[in-house]
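Welcome, and thanks for taking a look at this one with me. Here is a short briefing to read alongside the sequence and the 3D view.

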Amino acid sequence: MSSQILSLICSPSCKVFFNHDPIKIIRARGQYMYSEKDEQYLDCINNVAHVGHSHPEVVSAGTKQMELLNTNSRFLHDNLVHYAQRLQATLPEKLSVCYFVNSGSEANDLALRLAWQHTGHKDIITLDNAYHGHVSSLIDISPYKFHQLGQTEQSQHVHVAPSPDIYRGKFREDHPDPATAYADEVRDIIEKAHAKGHKIAAFIAESLQSCGGQVIPPVGYFQKVAHHVRNVGGVFIADEVQVGFGRVGSHFWAFQLQGDDFVPDIVTMGKPIGNGHPMSCVVTTREVAESFMSSGMEYFNTFGGNPVSCAIGMAVLDVIEKEDLQGNALRVGKYLMELLEKLKEKHPLIGDTRGCGLFVGVDLVKDRLKRTPATAEAQDVIYRLKDQKILLSADGPHRNVLKFKPPMCFSREDADLAVGKIDHILTGTHSRAKYSLKLCMDSSQIVSVTAIQTQGLTKNKEHNLPSTSLKVILYRLSIDQGQIVCIHFHVLKEL
């Protein structure tokens with residue numbers, strides 16, 4: 001099936017990876033995916049297949065329960081109770097009440113409802129570049145998404161705090177106390193909101209920002225923010241949809257990186273919880289749950305907490321424990337970071353490497369001093385990696401951060417392979433010839449391209465075309481014996 005056919009029968013808003021040259025995947029196992037041509041790809045992208053694609057224990061647990069019973073939670077069933085107890089055992093004692101739902105978006109939407117009901121307040125503080133889900137309530141609190149809407153006005157009940165990014169943010173690694181500095185920004189937002197008669201219901205943050213560019217908040221930031229928010233009657237929501245279940249290696253939950261003295265009021269879970277099965281969960285305190293119940297409105301979710309989902313969820317927890325995947329994330333993640341640090345010393349295109357466990361980002365820059373995002377170069381790297389049968393993505397507000405978030409069975413050998421290929425690609429960018437391009441446009445269509453070799457070899461470039469409203473990236477040249485044989489373009493956005 002071509003991407004053109006897909007866009008005709010599904011919404012054209014739905015995009016695929018590598019949309020200029022997509023891959024048709026027909027099966028997967030462990031950390032590997034296989035195309036219709038039976039080509040094996042190393043999956044460095046998929047944090048949904050948490051314990052590995054098609055894990056036999058997870059598949060078996062779901063199949064066996066489906067053969068017996070699948071129904072809703074209006075009937076008693078042991079799976080629901082046992083699974084809730086097992087999840088609670090991984091969390092601080094204060095977090096003791098579970099609501100089972102079906103996706104990360106549902107979980108975060110319910111978390112907002114809990115916060116609104118418990119506090120009686122309306123306003124939400126979110127972080128710049130955050131993404132919390134696709135439903136309307138979450139688009140409103142996801143700058144990663146609503147910034148794309150152009151002239152659409154931000155909700156008056158949503159306040160955006162700076163991302164606690166110590167590489168690109170307002171307060172950087174040379175600041176004596178970035179945690180306090182970023183938390184004070186939240187305090188200032190609260191004060192300004194209150195001066196206008198607004199009251200804060202919640203502060204919500206991904207425990208580690210993923211779409212925002214693999215951002216690791218400075219230790220102590222969450223504690224200080226929670227203090228400011230709770231002082232005005234709000235609650236703290238930790239979004240673990242992307243990074244929970246042992247991915248950070250040293251802890252089971254990413255919010256625990258902040259220290260034992262920090263406990264959120266509400267935690268949301270998704271993606272890895274079911275290893276690809278659609279399920280999610282919200283866990284909160286008894287106090288918040290009782291406030292939600294006092295509204296008088298019954299809460300019911302048709303599929304949330306069904307016996308099959310709970311069986312699968314328990315199997316995922318079993319595999320994490322049996323195969324020591326949290327330990328693997330710690331060991332392999334540390335090794336991966338060591339490899340990338342060595343790569344950084346070799347290639348000036350790498351401005352920063354950061355991460356915890358198997359959640360790692362590589363920030364590509366055109367200039368290390370100015371930290372100018374190397375967007376086109378990042379796109380070139382991921383496409384050329386795909387040609388080498390390695391799947392990696394690039395994200396962040398500038399789409400220049402290479403993101404490692406592979407299945408947790410990712411090995412040292414996989415790390416060697418992926419980093420070795422990146423090294424080869426980055427080495428090639430220094431030795432290939434550079435070309436300047438003359439593009440002739442007619443009605444915003446490229447009708448001819450003239451390439452002139454200038455020096456050295458070709459490197460990805462961005463071309464702003466003043467005669468049109470489009471920004472075009474040259475993202476790949478195919479070269480044979482010094483001649484350009486194929487040129488690929490990608491329209492980034494309307495200016």
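Helices and strands here are DSSP runs, numbered from the N terminus, with at least four residues for a helix and at least two for a strand. With that naming, Asn129 sits in the loop between β5 and α5 (136–139). Please keep in mind that this is a predicted model.

**Overall make-up**
- The protein chain contains 13 helices and 21 strands.
- The chain has 495 residues, and 54% of them count as buried.
- Among contacts with a separation of 6 or more, 68% are between residues 24 or more positions apart.

**The loop residue Asn129**
- Is Asn129 buried or exposed? Asn129 counts as buried because its relative accessibility is 15%, and the cut-off for buried is under 20%.
- Beyond its neighbours within four places in sequence, Asn129 is in contact with Pro143, Tyr144, Ser163, Gln209, Cys211, Gly212 and Pro397.

**Strand β5 and its partners**
- The strand before that loop, β5, has 5 of its 5 residues buried, so it is largely enclosed by the rest of the structure.
- In a regular strand the side chains alternate between the two faces of the sheet.
- Both faces of β5 are covered: Asp123, Ile125 and Leu127 are buried on one side, and Ile124 and Thr126 are buried on the other.
- β5 runs parallel to β7, and 3 bridges join the two strands; within this pairing, Ile124 has Ala202 of β7 as its bridge partner.
- β5 also pairs with β6 (residues 158–161), again in the parallel sense, over 4 bridges; here Ile125 has His159 of β6 as its bridge partner.

**Helix α8 and the nonpolar cores**
- Helix α8 covers residues 221–231, and its buried residues are Tyr221, Phe222, Gln223, Val225, Ala226, His228 and Val229.
- An α-helix has 3.6 residues a turn, so residues three or four places apart point the same way.
- What do the buried residues of α8 pack against? They pack against β5 (123–127), α7 (178–195), β7 (200–206) and β8 (235–239).
- After α8 comes Gly233, which has a positive phi near 85°.
- In soluble globular proteins, nonpolar side chains tend to be buried together.
- The largest nonpolar core has 96 residues, and Phe203, Tyr221, Met269 and Phe404 are those with the most contacts inside it.
- Tyr221, which is also one of the buried residues of α8, has contacts outside its neighbours within four places in sequence with Leu127, Pro162, Pro164, Ala179, Tyr182, Ala183, Val186, Phe203 and Gln258.
- A second, separate core of 23 residues includes Val101, Leu112, Ala115 and Ile237.

**An open sheet of four strands**
- An open sheet is formed by 4 strands in the order β1-β2-β3-β14, with mixed pairing.
- Its edge strands, β1 (25–29) and β14 (390–391), each pair on one side only.
- Within the sheet, β2 (residues 32–35) and β3 (residues 40–43) pair in the antiparallel sense over 3 bridges, and Tyr32 stands opposite Leu42 in β3.

**The second largest pocket**
- How big is the volume of the second largest pocket? It is about 290 Å³.
- The lining of this pocket has 16 residues, and Ser73, Leu80, Cys98, Tyr99 and Phe100 lie nearest its centre.
- The elements that give two or more residues to the lining are α3 (78–89) and β4 (97–101), and β4 provides the largest share, with 4 residues.
- By class, 7 lining residues are nonpolar, 6 are polar and 3 are charged.

**Two residues with a positive phi**
- Most residues other than glycine have a negative phi, and most peptide bonds are trans.
- Ser54 is not a glycine, yet its phi is positive, at about 55°; Ser54 lies in the loop between β3 and α2 (56–68).
- The relative accessible area of Ser54 is 35%, so Ser54 is partly exposed.
- Arg399 is not a glycine either, and its phi is positive at about 55°; Arg399 is found in the loop between β15 (393–395) and β16 (401–404).
- Arg399 counts as partly exposed because its relative accessibility is 31%.

Technical notes:
Residues are numbered from 1 along each chain as its sequence is written. This is a predicted model: local features need pLDDT of at least 70, side-chain atom pairs count only at pLDDT 80 or more; totals for chains, interfaces and linings use all residues. Side-chain values use heavy atoms; hydrogens and water are left out. Buried means under 20% relative accessible area, exposed over 50%, partly exposed in between (1.4 Å probe, protein chains only). Contact means heavy atoms within 4.5 Å. Two strands pair if DSSP finds at least two bridges between them. A nonpolar core is a set of buried Ala, Val, Leu, Ile, Met, Phe, Trp, Tyr and Cys residues joined through side-chain atoms within 4.5 Å. On a 1 Å grid over the protein atoms alone, a cavity is a set of points where a 1.4 Å probe fits but cannot get out, and a pocket is an open set with protein on both sides within 12 Å along at least five of seven lines; lining residues have an atom within 4 Å of a point. Grid points are joined across faces, edges and corners, and a volume is the space filled by probe spheres set on the points. Ala, Val, Leu, Ile, Met, Phe, Trp, Tyr, Cys and Pro count as nonpolar, Asp, Glu, Lys and Arg as charged, and the others, Gly among them, as polar.
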